[in-house]
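Colleague: I am new to this structure and would like to learn how to read it feature by feature. Could you take me through it?

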Amino acid sequence: MYGYYDPPFSVEQEGISISVEKTGDRWTYRRTLGKDEVEKLILGDRKRIIINPVEPLNTPKEITPNLLIEFEKTLLLAGGEKKQIFLTFPVEVGVFISDNGNKSLQLLDVFTLVRQKFTLYGEVSNGVVCKHWKSRLYSVSPLLDPLQEGVMELTLRNTSSDWASISKAVFSAYGMKLYYDGDVFMKARMDILNRNTAETGFELQPINGELKGALVKDRKIRKEAFGVYGLRKLGFVPLKFYMGWGF
Amino acid sequence: MGLLILPDINFLEHTLYSTSQGPVTPLDLIKFIIILSFSILLSRVLTIYLRRSLKDRVSKDVGEPILKLLYYGSLIIIFIAILPLIGLDPSGLLLAGGVAGIVLGFASQNIVGNLVSGCFLMFERPIKIGDQVEINGIAGYVTDIRIISTLIRTYDGLLVRLPNQQVFTTNITNIVGHPVRRFEYTIGIRYSDDAYAAIWIIKDLIDKEPFALLSPSPSVFVSDLGESSVKIVVRIWAPVSEWFGLKTRLLWAIKCTLEENGIEVPFPQRVLHIKTDSGKKPQELENLKENKFEENEDVINFEERVLN
């Protein structure tokens, strides 16, 4: 389903139906997913529709930019160690409209097939509301349904001298970079600073041509997805997340 | 034919009064007024421009105090800087300000009190623009925190202006002060219903609601064995922005789902047990109506005998 589409077109997969059709002198965007239906009118010709995975923080309502991934099993990492693991994360599908040059992108629609749940990270008085996701831990990249789940390659680095017991990680959507091509992929890191604090962030990739950026992983070149948070030109927004209430 | 000779007087340079800074002319006064007016205009334009520029970058509760500080701060600096034009020495103000401050303080105690409270409100920030608060029984959204007063839009759309002194010295309940909050339902089920099943159904519904937080975890338990029903208490935590919508949506969903599963929310009820072991009793009671008042004592004794 992911890719670039020139209207008119119609695509269906896993109960999702997306189409852009000409009605008179204007275009009509329609999306159905179960009982959920969206219809929007598009004025203007020679527009391109881009469907790609986006940060999983837009549905059912954008109330937080933070994603908390809870590990199915607690992980212990020795002091000074650096290890790589694979996690899963929920995927939301974003539909964008653009000029042919992929300039002035506008989000048209966003939806998801996966269960959604929120949680609080930290204290009631000053914690942070996060989107919640529970993930298994993998030592190699798992095969997943790209419309539902993505693969996160997480590099854990324990900069302290003590053992670290890790059961969750929180990420900020502002730094997220998603790549897709058959699967959906993100590359993140988590630096354990001391017994209770850690810092998480994402690996940024160079931008190149129409693909915007390409990530060579397992001899695979993935396209860089346009993100909802990436479209916002916000200043002074931290791209990293500081985990001050334990991990 | 007479010749009118007028003296060569330039009104703009005519000395109005003299101070230690020198003579003050109407031209100086005009300069003072023009500079002050221009400064006010410039500060306003700059504030509007900054407000537009910062709109998408900084939240309103942070941006507005900064803009107010810039606006009033720049005006005060300019005002002090141009005071020599009208013959006033700014350094003298410090000396005079001490005495004048005491006099003005007594004269305008309320205004100064509101002003000081306004400054504390801006710096301490117990409430922010956009917060939902309850102050002195007035609940609503904070729309603006001004130097003298705070504006609140009540939930039914009324504008209430509260003096800052009142806001600062009274109890403030900030409904959105914390990121999450808890709400509670008490649901009654019949004694004949399975409370474990009801709890399981309610927990399942909570689990399906995205905004019912996983942590702090919700709790569902039997809290009381009431007169008419078994009381089940449901406590759910939700993000402050979503709790009210969730609360109103979930209660009806719980009621409907419980009923779909054969668990009913009973009406208040009282079970009456009528004893019919004596066939004579109704007869005796019938006779009571015909008996004299004095004979009532016997009837009461009869009732007691039956009950015993």
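Modeller: We will go from the chains to strands, cores, the contact between chains and a few backbone details.

Modeller: This is a predicted model, in which local features need pLDDT of at least 70 and side-chain atom pairs count only at pLDDT 80 or more, while totals for chains, interfaces and linings use all residues. Residues are numbered from 1 along each chain as its sequence is written, and chains are lettered from A, with ligands numbered from 1, in the order in which they are written.

Colleague: How many helices and strands are there in chain B, and what does the secondary structure of chain A come to?

Modeller: Helices (H or I, at least four residues) and strands (E, at least two) are DSSP runs, numbered from the N terminus. On that reading chain B has nine helices and ten strands, whereas chain A has one helix and 20 strands.

Colleague: What percentage of the residues counts as buried in chain A and in chain B?

Modeller: A residue is buried if 20 or more other C-beta atoms lie within 10 Å of its own, exposed if 12 or fewer, and partly exposed in between, with C-beta atoms placed from the backbone. Of the 247 residues of chain A, 36% are buried, and of the 308 residues of chain B, 16% are.

Modeller: Contacts add to this picture, two residues being in contact if their C-beta atoms, placed from the backbone, lie within 7 Å. Among contacts between residues at least 6 apart in sequence, 72% in chain A join residues at least 24 apart, and in chain B the figure is 62%.

Colleague: Which strand pairs with β2(A), and in what sense?

Modeller: Two strands pair if DSSP finds at least two bridges between them. Strand β2 (residues 9-13) of chain A pairs with strand β3 (residues 16-23) of chain A in the antiparallel sense over five bridges, and A:Val11 stands opposite A:Ile18. None of the five residues of β2(A) is buried, so this strand lies largely in the open. The hairpin has two residues between the strands, and A:Glu14, in that loop, has a positive phi near 50° although it is a residue other than glycine. A:Glu14 counts as exposed because it has 11 C-beta neighbours inside 10 Å.

Colleague: What is the order of the strands in the open sheet of chain B?

Modeller: The five strands follow the order β6-β5-β4-β3-β7, with antiparallel pairing. Its edge strands are β6 (159-163) and β7 (172-174), each of which pairs on one side only. Within the sheet, β4 (residues 138-145) and β5 (residues 149-154) of chain B pair over five bridges, and B:Gly140 has B:Thr154 as its bridge partner. B:Asn136 lies in the loop between β3 (132-135) and β4 of chain B and has a positive phi near 55°. B:Asn136 is partly exposed, because 13 other C-beta atoms lie within 10 Å.

Colleague: Which residues touch the most other members of the largest nonpolar core?

Modeller: Nonpolar side chains tend to be buried together in soluble globular proteins. A nonpolar core is a set of buried Ala, Val, Leu, Ile, Met, Phe, Trp, Tyr and Cys residues joined through C-beta atoms within 7 Å. In the largest one, of 78 residues, they are A:Leu67, A:Cys130, A:Val170, A:Met186 and B:Ala238. A second, separate core of nine residues includes B:Leu121 and B:Phe168. Leaving aside neighbours within four places in sequence, the contacts of A:Leu67 include A:Pro56, A:Phe89 and A:Trp133.

Colleague: How many residues of chain B are in contact with chain A?

Modeller: There are 13, in contact with 15 residues of chain A. The side of chain B that touches chain A divides into eight nonpolar, three polar and two charged residues, where Ala, Val, Leu, Ile, Met, Phe, Trp, Tyr, Cys and Pro count as nonpolar, Asp, Glu, Lys and Arg as charged, and the others, Gly among them, as polar.

Colleague: Where are A:Pro60 and B:Pro216 found?

Modeller: A:Pro60 lies in the loop between β6 (48-54) and β7 (66-77) of chain A, and the peptide bond from A:Thr59 to A:Pro60 is cis, with omega near -10°. B:Pro216 is in the loop between α6 (195-208) and β9 of chain B, and a cis peptide bond joins B:Ser215 to B:Pro216, with omega about -5°.
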